[in-house]
Amino acid sequence: MAELIAKGPFDGQEPVSAGGAVLAPLALGPIWSLALFPGQAKAAEQALKPLDLGFPAPGQWLQGKAGARLVWTGRDQAFLIGAEPLEALAGLAAITDQSDGWAALALKCSAAEAVLARLVPVDLRAQAFPPGRAIRAGLNHMPAVILRVESGFEILTFRSMARTAWHELAEVQAHLAARAALTV
Amino acid sequence: MRIDGKGLIDRSKPLRFRFDGREYAGFKGDTLASALLANDVRLVGRSFKYHRPRGILTAGSEEPNALVEIHGPTNQTPNVRATVQEVFDGLEARSQNRLGSLRYDLLAVNDLLAPFFSAGFYYKTFMWPRAFWERLYEPMIRRAAGLGRLSGKHDEGAYEKAYAFCDLLVIGGGPAGLMAALTAARAGADVILAEETPALGGRLLADGGTIGGQPAADWLAAVQAELAALPNVRVMTRTTVTGAYDGGTYGALERVGLHRKGRPNLPRECFWRIVAGRAILAAGALERPIAFPMNDRPGIMMAGAVRTYLNRYGVSPGKRVTIFANTDSARGLVRDLTAAGVTVAAIIDPRPEASALEDCPVHRGAVVSGTRGRHGLHEITVRQADGAEIKVETDCLAMSGGWNPAVHLTCHMGGRPRWSEDLAAFVPSEGAVPGLVAVGAANGTMSTHGALSSGRTAAEAVLQALGRRADAAPLPEAEDAPYAVRALWAVDGKGRAWLDFGNDVTTKDVRLAAQENYSSVEHMKRYTTQGMAPDQGKTSNVSALAVLADATGRGIPETGTTTFRPPYVPVSIAAMGAGGRGAGFAPQRFLTSDQASRDRHAPMIEAGLWYRPSYFPKPGETTWKEACDREVTMVRNAVGVADVSTLGKIDIQGRDAARFLDLVYTNTFSTLPVGRVRYGLMLREDGHVFDDGTTARLGETHYVMTTTTAAAGPVMRHLDFIHQAFCAGWDLRFISVTESWAQFAVAGPKARALLDSILDAPLGDFPFMSVAPATVGGVAARLFRISFSGEEGYEIAVPARYGEALFRDLLARAETMGGGPYGMEALNVLRIEKGFITHAEIHGRVTAFDIGMAKMVSAKKDCIGKAAAQRPGLLGPEREQLVGLKSDQPIAAGAHLFKPGFAAERENDEGYVTSVCWSPTLGAWLGLAFLKDGRARHGQHVRLVDHLRGIDTLCTVEDPVFLDPDGGRMRG
């Protein structure tokens with residue numbers, strides 16, 4: 001019998017610490033798209049209760065029980081991250097496995113905002129985009145889902161674009177490091 | 001010459017730099033201009049048209065004359081303003097627009113011919129013969145009139161672009177801007193302060209004075225310290241705001257690393273897009289020259305610039321300075337020069353009522369009517385109030401015709417400035433850019449006190465709008481002298497009087513334009529080229545239109561200004577397109593099998609953003625065709641494996657999913673049984689073919705659609721549009737799963753045997769066009785029985801994390817069975833042999849009728865594009881229809897088709913070839929083509945002509961399905 005070896009989008013990639021930010025691959029666990037069918041919002045809220053989750057408002061992500069998170073990703077759509085979908089949701093939402101479609105990164109430390117300011121044309125200042133906020137926006141020319149967490153940002157982009165995403169973020173870090181080395 | 005003890009340069013840090021190959025000394029804090037002046041280098045460039053010797057005119061970004069090339073190890077930047085470029089150790093600058101040396105420029109002959117080179121000269125002269133326009137005249141004129149040179153190489157430097165957001169953007173770090181930023185920042189607003197030069201202070205750095213009873217420098221240091229300590233302020237020096245755009249967006253160019261030797265990864269420039277709730281324009285004012293005869297010699301400078309060089313850089317541009325000014329503002333310079341020990345030879349003030357109380361001769365009511373000195377000024381002629389002329393020996397003439405508020409940004413959204421008779425200048429119109437207010441000298445308030453108070457007032461208004469309370473801090477006391485000016489635009493006399501130094505436009509040119517009826521200011525600009533040089537006429541626009549107003553007998557307000565457009569200063573394309581060069585142009589998408597293919601030395605080709613293996617060369621194979629032929633034969637006789645994950649995959653769920661597919665596809669999907677797959681054709685709303693692919697029914701309310709690689713994105717967008725526009729309330733949801741699955745085609749007579757060897761359970765009964773769940777080593781997979789090769793074909797999909805492992809495993813097993821991987825070339829041959837279409841055929845101009853699929857448009861239901869596909873002209877024998885072509889000679893895609901015996905000309909064109917291949921299976925060249933009434937012409941001959949490749953051959957027209965027309969091999 002064949003045995004298939006699993007490989008993540010950033011396998012073997014060491015974190016990059018430069019320019020006041022740390023870029024690291026992130027293992028998020030399962031990612032499920034929950035797309036509410038018309039008229040099922042209330043029933044879905046009820047069904048999500050065991051995870052201590054509601055359905056997030058636009059631009060929001062919620063922390064539930066046991067590492068489960070629900071991230072707004074579009075109209076009537078959210079990604080359930082870090083948990084398997086509850087059976088009670090069947091028929092209330094289109095449930096689609098997205099676990100392998102996304103490459104996830106963590107961007108932390110003081111310059112994380114400055115790094116993203118070079119790739120994301122959206123106001124990500126702490127006052128406009130505090131922890132608990134999520135947005136779908138372009139990461140330079142790549143589609144992305146960006147979450148603000150206490151330690152910085154979590155970034156999801158297409159798995160096939162993982163290499164470009166890593167390269168561009170690391171390049172910005174290198175630019176920021178060179179800037180920081182200027183004395184005047 | 002350098003003046004001891006003066007200036008804000010760091011004398012503890014001496015630097016060496018080169019100009020035109022000669023080494024000079026400077027200090028940290030110098031600009032190239034100040035360092036050259038300190039070394040008594042007055043001649044720095046040649047003028048654009050006449051190649052006149054030119055020196056430094058200003059001390060800022062408005063400089064029209066002193067443009068140089070900067071040469072670095074990996075870069076060569078032309079047209080750099082010496083007044084902006086900071087000196088660093090090892091800086092290499094060269095003068096430009098010269099033939100031979102700067103001092104003995106051979107093209108200076110143009111100056112002798114100047115009488116012929118007036119406005120419109122080119123339009124009038126280089127008219128005949130017409131054939132000379134491009135081949136002779138243009139290259140000749142370009143060689144003679146020009147700017148700096150490019151290296152012709154890629155710019156390998158790092159560049160950056162960035163976004164910023166703030167409550168308040170303050171543009172300009174002089175007293176007005178500082179006061180505005182401080183007021184807003186103290187109240188907690190998020191402030192960005194953008195300052196063009198390396199240091200805050202604006203005119204305070206040049207003019208000194210006192211603020212709040214202390215030297216301006218001390219006040220400045222205190223403000224700077226306070227701003228630096230506030231977390232809500234971002235001070236951006238070396239940053240010029242270049243444009244005002246919709247929605248409070250401003251463009252800004254930051255010179256990040258241009259002031260020092262290049263370093264790896266250090267951006268040279270950063271182009272910022274700043275979105276600001278409000279903006280305060282405190283960009284100051286630009287001093288304007290006076291157009292007196294021969295006013296362009298090196299040594300003739302703006303008075304404000306001379307003061308800047310003296311006080312900010314500790315340099316006197318001359319030993320015997322004369323002043324020609326119609327404002328009191330230049331009198332401060334006289335006192336500063338005298339105090340520094342520099343001789344002031346004379347003050348020429350055209351105002352009869354001006355003060356004569358100075359320690360030097362003051363000629364009131366007088367003008368400068370002539371100058372001498374080829375490579376540098378050494379004498380001026382002063383025409384006194386009584387008309388008598390005297391000569392004054394001088395090596396530096398500091399002139400001032402008054403100050404023009406920097407209204408540029410306020411005009412970027414279509415606003416026009418307002419003429420102020422008191423200031424003899426244009427001032428910003430209120431509200432010209434929503435959310436932006438001009439203060440200080442930019443708004444015509446010329447005193448330091450006025451700058452401070454207007455800056456504070458504007459900031460308070462912003463705070464009120466933001467709902468924040470301003471602290472009632474006292475306004476520091478400062479100089480509040482009235483600004484007295486009497487307009488003086490031009491002085492008549494013998495010799496040319498320049499208005500636009502950048503493009504060599506004189507008062508005579510402007511008058512000639514008016515005389516030849518180019519009397520609108522916009523026409524005058526284009527006829528004379530005034531204001532069209534790299535400086536965009538910053539020092540010349542107002543004076544030129546004043547001369548035009550005089551020549552046409554209209555007032556200045558009626559004459560109006562030309563249009564101010566972004567950018568305010570030149571912006572390098574490299575900065576605007578930062579990161580987008582080469583591979584940075586678009587993201588690269590890699591398959592899970594990418595490394596496995598590269599390990600086998602497969603050349604990768606780009607398919608959209610994806611990289612796909614072209615073919616898999618074996619030892620001994622020297623051409624792609626050898627590998628391709630082998631791979632095709634391998635699939636036809638054994639088994640081949642190809643990564644097809646790039647095809648778009650869309651997961652569709654809901655009670656209305658079937659109904660939705662019936663609407664978007666021409667054929668019916670609601671009747672498709674669960675566990676079955678169907679080929680579907682999709683039309684655009686205009687009735688032309690949009691895309692094709694297979695869709696599988698996984699459950700009663702669950703489908704997975706496949707799109708072509710090229711149309712994966714567009715189909716998703718199309719479905720979203722249809723869902724939102726036509727059936728928003730339907731019980732329907734869909735999402736892309738393209739990235740989630742790695743999918744591999746397994747095709748050939750041994751495909752089933754290969755799959756049986758790897759699947760956890762054997763296939764069993766699994767007819768053509770089926771779908772079923774399967775497992776591989778316990779991993780849940782999806783198995784489809786579909787074929788794009790004409791062989792018994794399967795596609796197996798696993799979650800992307802297992803893609804590489806499955807691909808490598810499939811290849812190893814296939815090779816054991818006499819098979820192996822096949823690439824895009826073989827895939828293409830296999831599908832042409834079977835007459836399967838790709839976007840080479842469904843290229844956007846063909847209908848279902850054209851490709852022989854009219855019957856796939858269901859008569860029993862409506863679908864997107866159905867009605868439009870029935871329009872006249874889209875059906876019938878006049879249409880070019882899909883056919884197959886066979887030939888024993890090489891043929892090429894892109895060739896056109898003609899009746900045999902007819903000339904290969906456009907009028908006889910009967911169609912074109914979309915895809916061709918050499919078929920190792922059939923031993924012939926095969927093509928797919930669109931031929932007029934083609935389906936009725938099977939068996940006939942056509943002439944195939946490719947003018948580009950020199951192909952002219954006869955082909956047989958056939959059914960496009962060359963191989964196995966009844967599909968016996970595919971159904972197995």
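**Exercise 1.** Determine how the two faces of β40(B) are covered in this predicted model.

*Solution.* Step 1: on one side lie B:Trp741, B:Gln743, B:Ala745 and B:Ala747, and on the other B:Ala742, B:Phe744 and B:Val746. Step 2: a residue counts as buried if 20 or more other C-beta atoms, placed from the backbone, lie within 10 Å of its own. Step 3: the residues on both sides are all buried. Step 4: strand β40, residues 741-747 of chain B, thus has seven of its seven residues buried. Strands are DSSP runs (E, at least two residues) and helices are runs of H or I with at least four, numbered from the N terminus.

**Exercise 2.** Identify the strands that pair with β40(B).

*Solution.* Step 1: pairing requires at least two DSSP bridges between two strands. Step 2: β34(B), residues 640-643, runs antiparallel to β40(B) and is joined to it by four bridges; there, B:Asp643 has B:Phe744 as its bridge partner. Step 3: β43(B), residues 793-799, is also antiparallel to β40(B), with seven bridges; B:Val746 stands opposite B:Tyr794.

**Exercise 3.** Compare the radius of gyration of chain B with that of a compact globule.

*Solution.* Step 1: the radius is taken over C-alpha atoms, and the globule rule is 2.2 Å times the number of residues to the power 0.38. Step 2: for 972 residues the rule gives a value near 30 Å, whereas chain B has 38 Å. Step 3: the C-alpha atoms fill a box of roughly 110 × 70 × 55 Å along the principal axes.

**Conventions.** Residues are numbered from 1 along each chain as its sequence is written, and chains are lettered from A and ligands numbered from 1 in the order written. In this predicted model, local features need pLDDT of at least 70 and side-chain atom pairs count only at pLDDT 80 or more, while totals for chains, interfaces and linings use all residues.

Conventions:
A residue is buried if 20 or more other C-beta atoms lie within 10 Å of its own, exposed if 12 or fewer, and partly exposed in between; C-beta atoms are placed from the backbone.
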